[in-house]
Amino acid sequence: MPELPEVETARKVIAERALHRTIVAVDDTDSYVCRPHAPGQIRDALLGRQLIAAHRRGKTMWCETSGLDGSAEHGSAEHGSAEHGPDLGLHLGMAGRIVVESPGLETVWGGEPFRRDAQPARAQWDRFRLDFADGGSLVLFDKRRLSRVRLNPGLAALGPDAGTVTEAEFRDLVRRGTVAVKARLLDQSKIAGVGNLLADEALWQARISPQAPAGSLSRPAVRRLYQSLQAALASAEANGGVHTGEVIAARRRGGVCPRCGAPMRQGVVGGRTTWWCSREQALRRAAGARTPRRASV
DNA sequence: AACAATGTTCAGTC
DNA sequence: GGACTGAACATTGT
C-alpha cells in the first residue's frame, strides 16, 4: 500500500534491474488494471522494445521505451518519435508491488512493505507482466487489483512531487481554502505523493490538527508542516517505508502519543481514517475563541 | 459477517 | 468553473 517512498523503491528496482532487456511477451489481459486499454493494446505497443528509463512523480511511475530494435538505448538517434516507443505508466494503487526476476540474480521487489508471511505469492495476483528475452520478467503484483497500467499516462493532473516541492510552492498550494489541511495534503493535484499514513505522520510531527482549515494555518505552521513532511519522507525512505513513522504504531485503539503520552484520537478527515494526538494536535478555533472543553478520551 | 484497508475517480452539491 | 463531499471501485484481512 504504497506512498511516495515505497513507489520510489519500486522505481529504483526497475531502474536498476529491468532496463535494456528486450520485451518478448506481455500479459495485459487484466482489463480492469489496464483500463482503458483494450486487451492486447499494451502488448502490441511494447513487444520488441526495451524499457530504457524509469521516472516517478508522486505515486505515479512511467518508463520510457526504446525503438523496436532497441535503438534509443544506444544514444543519439534524434530522428523523431519513431526511435522511441510509448511511455509505460505504472501505479501501484493500494497494494501493488513491482517484482523483477533476472536469470542468475535474486528476485527483487519494491512497493508494498515487506511481510514475513510464508504465504507464497499466488500467480492470480500477478496483474501485469513483461517477459524479457533473457528469461527474466517484470511483474506488477497486487492482491487488491487497484493498481493501474497505461500507455502514456498524463501527468497534468498531478501537482509537484512532495519530495522536491519548494517551501514557497508548498505554501502557495497548501495555505488556501477551507478544506481540512489533511485533505489538502492528500490532494494529488496539489502535492503529489502524500498518502494517508504520511499525512498523519507529518501533521503529528508538526503538531497541527488534521482538521484545521488549510487556509487558516499561520506562516510558521506551514513552515513546520513542510519541514516535517520532508523529514517524514526522508525517514521513510531510509527505514523502509511509511509504516516506520513514529506515530504510525500509535494509530490503534488505546494508542497514546509517543511524545506526550496523551491518548490518540481517531476520526475521519478527508474521507480517510485519521489519528492525532488529543493534546498536541487539538483543533484551535480562530482568534478570540476559547477551548473550554476539557480533554476527553 | 461486517467493516476497514498506505488510492483514485467520478457524480453530485454548493 | 472551482472547491468540496461522499460513494464506488476490487479484493483481502480482521
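A salt bridge here is a side-chain nitrogen of Lys or Arg within 4 Å of a carboxyl oxygen of Asp or Glu. Keep that cut-off in hand for this predicted model. The structure holds 13 such contacts.

**Stop 1: Asp200 and Arg251.** Select both side chains. They meet in a salt bridge, 2.9 Å from N to O. The pair ties together distant parts of the chain, 51 residues apart. Asp200 sits in helix H5 (residues 196-206), and Arg251 in the loop between helix H6 (219-239) and strand S10 (264-269). Asp200 has 2% relative accessibility, so it counts as buried. Arg251, at 18%, also counts as buried, because the cut-off is under 20%.

**Stop 2: Arg259 and Glu280.** Stay in the loop between H6 and S10 and pick Arg259. Its salt bridge partner is Glu280, with the closest N and O atoms 2.6 Å apart. Glu280 lies in the segment after strand S11 (272-277), 21 residues from Arg259. Arg259 is partly exposed, at 29% relative accessible area.

**Stop 3: helix H1.** Show residues 4-17. Glu8 and Arg11 are three residues apart here, about one turn of the helix. Their side chains form a salt bridge (3.0 Å, N to O). Both residues are buried. Now add Arg56 and Asp161: the four are linked in a network of salt bridges.

**Stop 4: strands S2 and S3.** Select residues 51-57, strand S2. Five of its seven residues are buried, so the rest of the structure largely encloses this strand. Add S3 (residues 60-65): six bridges join the two strands, which run antiparallel. Find His55, opposite Trp62 in S3. Finish at the hairpin, with two residues between the strands. Gly58 takes a positive phi near 60° there.

How values were computed. Residues are numbered from 1 along each chain as its sequence is written. Chains are lettered from A and ligands numbered from 1 in the order in which they are written. This is a predicted model: local features need pLDDT of at least 70, side-chain atom pairs count only at pLDDT 80 or more; totals for chains, interfaces and linings use all residues. Side-chain values use heavy atoms; hydrogens and water are left out. Buried means under 20% relative accessible area, exposed over 50%, partly exposed in between (1.4 Å probe, protein chains only). Helices (H or I, at least four residues) and strands (E, at least two) are DSSP runs, numbered from the N terminus. Two strands pair if DSSP finds at least two bridges between them.
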